[in-house]
Each structure stands twice: as C-alpha cells, then as structure tokens.
Amino acid sequence: MGVALLLLSALSSLARAPLESRVAELSTGLRMEWLRQPAASPSARHVLLVHGSVHGAWCWAEHWMGYLSDRGFTAHAVSLRGTSGSPAPEGTMKVFAEQHVNDLRAFVEDHLMSTGEPPPTLVGHSFGGAFLYEYLARGHPAAAAAFLCPVPPSGNMAMVGRFLRRSPGVALLVTKGLAFKTVTRSSKDARAVFFDDTLPESDVQR
C-alpha cells in the first residue's frame, strides 16, 4: 500500500503544472510577491495561504501548494508587506497589522476575484492567523478560513508569561529569535526556534 501511495503521489506531481511566480500590484501601493500553483484538474476552488513571522510565500511552496493542487485546489501564497519578497516602500519604519489586512483584502478583491471568481478559502499560520482574524472581522470576502497554530485574538503575552514560568530559557530564546530577528542571521537560533537536530544544516541555511 505504501509503495502504491508513493507512486500515485509521484504521478500527480508529474501531471502538476509548474509553480508560477508573480508580482501583484495592489491598490494599497504594495508590489506583493505572489506564488500560484494551478490545480492539477480544472477547478474554481482557490486557497490563499498566509505566512507567519519571519517567513514568506516560499514556506508554502515546497509541500503545501503541490498537495493542494493535487487535490483540486488552485493554491496561492503571498509574501506580506515588509518581507524580502514584498519590501515595504522606502522610508517605512514599521508595518502595522492594519496594513497587512488591507493588503490581503486588495489582493483577494483585485486579483483573485477580479474575473468573477468566488472568494478563496484563507489559511493563516501563526501571526498570519492573527491578520486573518481581523480580515474576517471586517467582513472581507472568504469562502472559509483555517488557522494553523495561530496567535490568539488576545495576543501572545499570556503565552509568553506561561513560557517564562515554565521554561525561561526557551522563552528568552524565542523572544530573542523573533522579536530581535536573530533567526534571520543565525542558523543556530533558526534551528532552535523552528526546527530540530535532524534537519540538515543546508536546509536550515536556505
């Protein structure tokens, strides 16, 4: 059975259309990085994947987008404002949650729904989930929503407090890695925050 499943998966990936890399010009003024994986079979079902902190559209491309494509969804992933894929306009000192929400609305309405397509299902991970809460609260279009380990609507301070009491070393490492973005400069910190010892160093580096 295991061999058969592997063979079916390999055949699906061969039939899959290539991943497309695009730039979406938004009415909010942002040039947003956009990855699109067409469905392996004709379908009007679309999924928009929204990443969390210190990530980008790339984090969905290796496994998730192909998986969704093979199951009849056209998968979209975007890089949020202020990431390397979608740099904030020059002179921007800070990016606010409201800007992320407005960018997502503009992307959905101006690009995914501009030709009469139905609203997509949105999937938010970590802080992407926090932006998705606000997106939905404002009544922006969505067929459905899914949250993967989201930051709770009340924020993450209570969680940080629990970590400090139970595992102060871990709490300090995560705070340093994310708040001060050392995970973007140190593969050791990136491994400690996001991965385990089994992942090859070459994968951590990329």
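The side chain of Ser86 offers a polar atom 2.8 Å from the backbone nitrogen of Glu33. The same side chain also reaches the backbone oxygen of Ser79, at 2.6 Å. These values come from a predicted model. The chain has 206 residues, of which 32% count as buried. It has nine helices and six strands.

**Ser86 and its surroundings**

- Ser86 sits in the loop between β4 (74-78) and α4 (97-112).
- Ser86 has a relative accessible area of 0%, so it is buried.
- The cut-off for buried is under 20% relative accessible area.
- Beyond its neighbours within four places in sequence, Ser86 is in contact with Leu30, Arg31, Met32 and Glu33.
- Ser79, Leu80 and Arg81 complete that contact list for Ser86.
- Two of these contacts recur as polar partners of the Ser86 side chain: Glu33 through its backbone nitrogen, and Ser79 through its backbone oxygen.

**Gln37 in strand β2**

- Gln37 belongs to strand β2, which covers residues 31-37.
- Gln37 counts as buried, because its relative accessibility is 5%.
- The Gln37 side chain reaches a backbone oxygen, that of Ala17, at 2.6 Å.
- Ala17 is also among the residues that Gln37 touches, along with Arg16, Pro18 and Leu19.
- Gln37 further touches Met65, Gly66, Ser69, Phe73, Thr74 and Ala75.
- Residues up to four places away in sequence are left out of this Gln37 list.

**Positive phi outside glycine**

- Which residue has a positive phi of about 55 degrees although it is not a glycine? One is Ser126.
- Ser126 is found in the loop between β5 (121-125) and α5.
- Ser126 counts as buried, because its relative accessibility is 19% and the limit for buried is under 20%.
- Lys181 is another residue other than glycine with a positive phi, near 55 degrees.
- Lys181 is found in the loop between α7 (168-179) and α8 (187-194).
- Lys181 has 44% relative accessibility, so it counts as partly exposed.

**Ala142, in a loop before β6**

- Ala142 lies in the loop between α5 (127-137) and β6 (144-148).
- Is Ala142 buried or exposed? At 28% relative accessibility, Ala142 counts as partly exposed.
- Not counting residues up to four places away in sequence, Ala142 touches Pro119, Pro120, Leu122, Tyr135 and Leu136.
- Val170 is 28 residues from Ala142 along the chain, and their C-alpha atoms are separated by 36 Å.

**Two helix residues and their spacings**

- Glu98 lies in helix α4.
- Glu98 counts as partly exposed, because its relative accessibility is 48%.
- How far apart in space are Glu98 and Phe195, C-alpha to C-alpha? They are 30 Å apart, with their positions 97 residues apart in sequence.
- Arg166 lies in helix α6, residues 157-166.
- Arg166 has 60% relative accessibility, so it counts as exposed; the cut-off for exposed is over 50%.
- Arg166 and Arg191 are 25 residues apart in sequence. Their C-alpha atoms are 21 Å apart.

**The chain as a whole**

- The radius of gyration of the chain is 18 Å.
- A compact globule with 206 residues would have a value near 17 Å, so the chain agrees with that.
- Along its principal axes, the C-alpha trace spans about 50 × 45 × 30 Å.
- Contacts between residues at least 6 apart in sequence include 57% that join residues at least 24 apart.
- The accessible surface of the chain comes to about 11900 Å².
- Carbon and sulfur atoms account for 60% of that surface.
- The chain carries 19 positive and 17 negative charges.
- The mean positions of the positive and negative charges are 6 Å apart.

Terms used:
Residues are numbered from 1 along each chain as its sequence is written. This is a predicted model: local features need pLDDT of at least 70, side-chain atom pairs count only at pLDDT 80 or more; totals for chains, interfaces and linings use all residues. Side-chain values use heavy atoms; hydrogens and water are left out. Helices (H or I, at least four residues) and strands (E, at least two) are DSSP runs, numbered from the N terminus. The radius of gyration is taken over C-alpha atoms; the globule rule is 2.2 Å times the number of residues to the power 0.38. Buried means under 20% relative accessible area, exposed over 50%, partly exposed in between (1.4 Å probe, protein chains only). Contact means heavy atoms within 4.5 Å. Accessible areas come from the Shrake-Rupley method with a 1.4 Å probe; for residues, only the protein chains shown count as cover. Lys and Arg count as positive and Asp and Glu as negative; His and the chain ends are not counted. The place of a charge is taken as NZ of Lys, CZ of Arg, CG of Asp or CD of Glu. A polar contact is a pair of N or O atoms within 3.5 Å; within protein, one must be able to donate a hydrogen and the other to accept it, and residues adjacent in sequence count only if both atoms are side-chain atoms.
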